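Thanks for making time. I will put one structure up and walk through some of its side-chain contacts.

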Amino acid sequence: MRWDIHGPLLAWLVVIPASAAAQAPGQRPPESLRLATLQQEALAADPRLREVELQTRQTGLRLRNIEVERLPAVSALGQTQFQSDVPTAPVTLPGGQPLFAPSKETYDVSVRVDQRLVDPAIGPRLALTRADLAESQARLRTMLFSLRHEVNEAFFTAALLQGQVAALGVTITDLETRLRETAVRVREGAALAGEAAAIEATLLQYRQQDDELRANRAAALARLARLTRHDIDADAVLELPDLEEPVAQARNGLDRLRARPEYEQFERARDRAARQQDLAAAQERPQLTAFGRVGYGKPGLNFIDDRFEPYALGSVQLQWKAWTWGASSRERQALALQQSIVNAEEAAFTDGLRRSIEADLAAIDRLQRALTADERILTLRESVDRTARLRFQEGVVTASEYLDRNTEWVRAQLDRTRHGVELAQARARLLTTLGLEVR
């Protein structure tokens with residue numbers, strides 16, 4: 001027989017906490033928590049998510065700065081200087097005075113306008129800036145992905161403790177009934193006082209365990225609340241996700257799965273290296289720039305005139321790194337090697353990913369078999385416990401013998417609870433490791 005963890009077992013052991021059974025009429029039902037919702041809330045609450053918008057705005061500013069380089073650039077210049085010597089005319093006038101003698105003091109105020117006519121590097125620089133943004137955001141999504149594992153761990157810890165509290169609560173209720181019955185028999189002289197003492201001691205131990213389980217569950221829920229940034233009620237019900245079909249589909253397509261955000265980061269890194277190659281090639285091409293300048297100075301363009309006068313000049317400049325001793329070619333080769341490095345890292349990541357899921361795949365198969373056995377074991381243990389209880393009530397067996405059988409039944413319940421939650425956890429961990437959504 002194949003046991004379905006998402007059928008009666010889920011309702012019996014996980015979904016219904018002990019506190020929910022005693023819910024008063026008209027009382028607000030306990031909060032229901034789903035793993036997929038908690039993962040989304042944790043991602044939405046992480047402060048690093050704001051970096052997506054901030055990085056986009058930052059890149060927008062840098063793109064604008066590159067684009068305005070196509071527009072004229074205006075600069076102002078003011079200068080005054082004193083020279084120890086100036087050129088003089090070789091011809092002298094009568095009296096020994098030179099034909100002209102410029103002033104050793106000069107003054108100049110001007111405005112210059114530069115206009116790039118041809119700049120092959122602007123387009124590649126824009127593309128490289130966008131590639132930087134894509135890689136940064138891919139890296140951010142990779143960092144945020146680890147939150148899913150944290151939510152998974154806290155969720156299934158709370159779910160396991162929830163199931164254990166529910167199973168233990170049933171046992172405590174049963175032992176309370178046995179204790180009342182035994183106390184009556186002791187008063188009537190039909191049983192020894194030690195019988196009631198043994199049951200009471202076991203009951204107190206179970207209550208201690210129940211208190212410990214509830215405290216640990218509260219800690220796990222507090223961790224979930226911290227991750228999702230909202231309060232979670234102490235009686236919240238955790239619903240185990242039904243992941244059998246998604247896991248089966250994932251196992252059939254393991255070789256084709258590339259859902260992890262790291263794969264996008266690898267792709268963005270390769271694209272960034274390609275854009276850097278384009279920029280390195282563009283920087284080898286000629287650049288053509290025009291500039292004009294108007295000013296007012298003493299002297300102006302006529303350096304032999306010792307008067308303030310306006311002036312203007314214009315020019316077209318061609319700049320071409322015709323020979324770089326192979327530096328640009330080597331840079332492109334280095335960037336091509338960088339792409340090969342990224343390819344090697346991606347292949348190593350894929351191999352590591354495949355190795356990391358082997359344990360979960362084996363655990364899923366083992367736990368499915370264990371749940372089938374658990375169902376039969378629990379049926380048998382329950383039958384033995386029922387027989388022992390009846391024989392104890394009839395005074396045929398001692399309280400110690402009955403408690404031994406009852407403990408075995410309780411252990412069988414807890415084992416089934418643990419295996420059920422561990423199966424759901426292994427399935428969720430497998431999907432999360434592969435980068436697939438848990439729904």
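Which residue forms a salt bridge with Arg270? The partner is Glu267, and the closest N and O atoms of the two are 2.7 Å apart. Before going on, please keep in mind that this is a predicted model.

Let me stay with that pair. Arg270 and Glu267 both sit in helix 8, which covers residues 261–282, and because they are 3 residues apart there, about one helical turn separates them. As for cover, Arg270 has 14% relative accessibility, so it counts as buried, the cut-off being under 20%. Glu267 has a relative accessible area of 36% and is therefore partly exposed. The general point behind this is that side chains of opposite charge can pair when their charged atoms come close.

Helix 8 has another such pair. The side chains of Arg275 and Asp271 meet in a salt bridge, at 2.5 Å from N to O. These two are 4 residues apart in the helix, so again the separation is about one helical turn. Arg275 is partly exposed, with a relative accessible area of 22%, and Asp271 is partly exposed too, at 25%.

Now away from that helix. Arg112 and Asp114 form a salt bridge through their side chains, 3.0 Å from N to O. Arg112 has a relative accessible area of 29%, which means it is partly exposed. There is also a network of salt bridges, and it links Glu69, Arg116, Asp119 and Arg125. How many salt bridges are there by this rule? The count comes to 32.

Next, a nonpolar part of the surface. Val74, Val111, Val113 and Val294 make a nonpolar surface patch of about 310 Å². Of these residues I will pick out Val294, which is placed in strand 5, residues 287–298. Val294 has 46% relative accessibility, so it counts as partly exposed: the exposed class starts over 50%.

Last item, helix 10, which runs over residues 399–433 and contains Glu408. The side chain of Glu408 makes a polar contact with the side chain of Arg405, at 3.1 Å. If you want a longer distance to check on the screen, take Glu408 and Val184: they are 224 residues apart in sequence, and their C-alpha atoms are 26 Å apart in space.

To recap the helix 8 part: Arg270 pairs with Glu267, and Arg275 pairs with Asp271. That is what I have.

How values were computed:
Residues numbered from 1 in each chain as written. Predicted model: local features only at pLDDT ≥ 70, side-chain atom pairs only at ≥ 80, totals over all residues. Heavy atoms only, no water. Patch = residues over 30% accessible without salt bridge, like charges linked within 9 Å, V, L, I, M, F, W, Y side chains within 5 Å. Areas by Shrake-Rupley, 256 points an atom, 1.4 Å probe, with all protein chains shown as cover. Salt bridge = Lys/Arg side-chain N within 4 Å of Asp/Glu carboxyl O. Buried < 20%, exposed > 50% of the residue type's maximum accessible area, 1.4 Å probe, protein only. Polar contact = N/O pair within 3.5 Å; in protein donor to acceptor, adjacent residues only side chain to side chain.
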